[in-house]
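Dear colleague,

I am handing over the structure shown here, and I would be grateful if you could read the notes beneath it with the model open beside you.

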Amino acid sequence: VGSVALVSVASLLPTSVFAEEAGLVNVYSARKEALIKPMLERFTEQTGITVNLVTGKADALLKRLEVEGSASPADLFVTVDAGRLHRAKEAGVLQVSGSKTLNKAIPASLKDADGYWYGMTQRARTVFYVKGKVDPSELSTYEDLADPKWKGRICVRSSSNIYNQSLVASMIDAIGEEKTEAWAKGLVKNFAKPPSGGDTDQLKAAAAGVCDLAIANTYYFGRLLNSKDEAKQALASKLAAFWPNQDDRGVHMNVSGIGVTKHARNVENAVKLMEFMTSDASQMWYAEVNNEYPVVEGVKIPSNLATMGEFKADDIVLSKLGENNRAAVQLMDRAGWK
């Protein structure tokens, strides 16, 4: 997303959500600067609260919070995937915010039941197929991807990836551990190549003819679709999204989320920033720039994602993804998913 796009979308944000209040809030974010900073700047304009932003890799930032302990300057932790948010809770680096605004705005399934973290944007982990090679009528469910008809036709990243772990964790909740393990073994047999690279690499491999199906998060496809690079647009044009399990639980969803840190010194300002991020205009901006879906019900889906079509989403309580993570990792290992 270019700077012009950032500025034009940022202008959508509300101008008087909170009264002026001096102070500051320190944010550790696993989201890249361009994907969050303009919203933080808008927050500062409206409140007078200075936001200090530190960005980094998700796991490294969590480790940093643990190592810093009570000496940590961080007030807020922004990261991706309910599995990682659960890890942060379990590691004892978050605290309950107690915000009535957040508890009202965000659906129960998209936040921690105890109030330690809240989802801020959603993404679907779905199936992308190569147009002309796969008839979408051949596709149906995640479970069906273990069918031998897909042998040598599926690209997906490694089992060490939290997105895949959370997908498997959701399946454990839906169909049980035994059936999920049998599914994982079948899926591994259908890999077109040994897992390597990120989600974008799986999409590129499918477009290049290495496989016919790729499992990836929707925002990776959104980035290609909305890129100013014609080669990336051409790549995306070869693929289409399919939404699995529409006749039962729905497509697997996950979140990027946020929580107040255990040793935050600016709790009140931290909560104000989280509440600002759930305003309709902030949700629209954050979702559009990140190629993701809003978490607040009723907020319009960005036009760049609306082109991918409507779908039924799995409404599993996302805390379960963290709770089932260990079982998912062990199961994937037994299945030979490298």
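The notes below go through a disulfide, a cavity, one helix and one asparagine.

Please keep in mind that this is a predicted model, in which local features need pLDDT of at least 70 and side-chain atom pairs count only at pLDDT 80 or more, while totals for chains, interfaces and linings use all residues. Residues are numbered from 1 along each chain as its sequence is written, and side-chain values use heavy atoms, with hydrogens and water left out.

Counting as a disulfide a pair of cysteine sulfur atoms within 2.5 Å, the model has 1 disulfide. Its partners are Cys155 and Cys211, whose sulfur atoms are 2.1 Å apart. The pair joins distant parts of the chain, 56 residues apart, with Cys155 in strand S6 (residues 154–155) and Cys211 in the loop between helix H8 (199–207) and strand S7 (213–217); helices (H or I, at least four residues) and strands (E, at least two) are DSSP runs, numbered from the N terminus. The torsion about the S-S bond of Cys155 and Cys211 is about -115°, so this disulfide is left-handed. Both Cys155 and Cys211 are buried, where buried means under 20% relative accessible area, exposed over 50% and partly exposed in between, with a 1.4 Å probe and protein chains only.

As for empty space, the largest cavity (on a 1 Å grid over the protein atoms alone, a set of points where a 1.4 Å probe fits but cannot get out, with lining residues having an atom within 4 Å of a point) is lined by Asp81, Arg123, Arg125, Tyr163, Asn217, His252, Met253 and Asn254. Strand S5 (118–130) and strand S9 (253–261) each supply at least two residues of this lining.

Helix H12 (residues 280–290) is mostly covered, since 8 of its 11 residues are buried, and among these are Trp285, Tyr286 and Val289. After H12 comes Asn291, which has a positive phi, near 55°.

Finally, Asn26 is located in strand S1 (residues 23–29) and is buried, its relative accessible area being 14%. A polar atom of the Asn26 side chain lies 3.0 Å from the backbone oxygen of Pro73. With neighbours within four places in sequence left aside, Asn26 is in contact (heavy atoms within 4.5 Å) with Asn52, Pro73, Ala74, Asp75, Leu76 and Asn266.

With kind regards

Note on methods: 1 Å grid on protein atoms, 1.4 Å probe; cavity = no way out; pocket = protein on both sides within 12 Å on 5 of 7 lines; lining within 4 Å. Polar contact = N/O pair within 3.5 Å; in protein donor to acceptor, adjacent residues only side chain to side chain.
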